[in-house]
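Here are two exercises to work through with the viewer open. Try each task before you read its solution.

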Amino acid sequence: MSKPAEHRPPGKVWLVGAGPGAVDLLTVRAVRLLAEADVVLHDALIGDDVLSLAPQAKHIAVGKRCGKHSTAQRFINQKLIHAARTHARVVRLKGGDPMLFGRAQEEMDALAAAGIEYEVVPGITAASAASAQLRVSLTRRGIARSVALLTPRAGEGEHPSQALRANADTPTLALYMASHESMAIARKLMSYGRDPATPVALVENASHPASREAFTTLQGLSEQPIGALLGTAGTPEGPVLVMLGEVFREILQQHTLLWQDNSTSAA
Ligand code: SAH
């Protein structure tokens, strides 16, 4: 008879970055761990092609879909601990890099408190995927020597505008979880002194075949919701990264010219 769960030594948890979506942007280590996992707890945004790398494992979806009601963090922590007490090898799969805007700290703290061993495997974050797709360096020499990854979402004890205000002058900004409040964010950045002519690049579903891109200025971002800018009827279907800075000047100009050409030839 197998020992009751509480008398068995707990298993080990790997917090693994799944990257931005394309299955071949996972690390070799992530692929190996998925193939060896007994159970995979994954965010709702993780695609079936990525999950199919762990056909032998039990798959458990644990919320975290942007804009949708997500499973409470405490409940996720409990599921993770339970999985580690009942399975030897647990993969907690998170979009992009697990250590960026992924509540990894809460999960690591809960695992440590429960005496469960864990390791972290980095992944390709959305800003890296979007910059690669656009072929724009976020730290182009002579234009931008720094880039800030930030979210307008406030953490506990923080003011919602704190990150924006502190980074209003950072040459390149990559804004995560910003698509719902994009107009207000643009207005705030301008009120903190950012030039309304600052180029803006939007990338929905970076690295996916169905990715969409749009280019505008900070002023333009303040005037239309993200869905309208991307050419969708309502809210976009996939996650959107909002990026801005002078590094996007050339790509904005190319798209403006293209748009002018198209509207002249259509006339
Ligand atoms: N840990 C993740 C970020 C989680 S926060 C990472 O490192 O990428 C979720 C936000 O990430 C989304 O609201 C969106 O702003 C951004 N995002 C994640 N995947 C994306 C993708 N494929 N394309 C564009 N933005 C993405």
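The exercises below use a predicted model, and they cover a ligand site and a sheet.

**Exercise 1. Work out which residues come nearest to the ligand, which polar contacts it has, and where its shell comes from.**

Solution.

1. Start with the shell. There are 16 residues around the ligand, and Asp-97, Leu-100, Thr-125, Ala-206 and Val-240 come nearest.
2. Sort the shell by character: you get eleven nonpolar residues, four polar and one charged.
3. Now look for N or O pairs within 3.5 Å. The side chain of Thr-125 puts an N or O atom 2.6 Å from an oxygen atom of the ligand. Met-177 uses a backbone N or O atom instead, 3.0 Å from a ligand oxygen. For Asn-205, a backbone N or O atom sits 3.5 Å from a nitrogen atom of the ligand.
4. Check the cover: on its own the ligand has 540 Å² of accessible area, and the protein covers 91% of that.
5. Finally, ask which domains contribute. Domain 1 (11-121) and domain 2 (126-266) each supply at least three residues of the shell.

**Exercise 2. Trace the five-stranded open sheet and find its edges.**

Solution.

1. Write down the strand order, which is 6-7-10-8-9, with mixed pairing.
2. Go to the ends of that order. Strand 6 (147-150) and strand 9 (212-217) each have a single partner strand, so each has one side without a neighbour in the sheet.
3. Add the twist: ignoring direction, neighbouring strands are turned by 15° against each other on average.
4. Zoom in on one edge. Strand 6 pairs with strand 7 (residues 172-175) in the parallel sense, over four bridges. Leu-150 has Leu-175 in strand 7 as its bridge partner.

Definitions and conventions: Residues numbered from 1 in each chain as written. Predicted model: local features only at pLDDT ≥ 70, side-chain atom pairs only at ≥ 80, totals over all residues. Heavy atoms only, no water. Near = heavy atom within 4 Å. Polar contact = N/O pair within 3.5 Å; in protein donor to acceptor, adjacent residues only side chain to side chain. Areas by Shrake-Rupley, 256 points an atom, 1.4 Å probe, with all protein chains shown as cover. Nonpolar A, V, L, I, M, F, W, Y, C, P; charged D, E, K, R; others polar. Domains from an automatic or database assignment. Pairing = 2+ DSSP bridges. Helix = DSSP H or I, 4+ residues; strand = E, 2+ residues; numbered from the N terminus. Axes fitted to C-alpha atoms, helices over the stretch in contact; angles between N-to-C directions.
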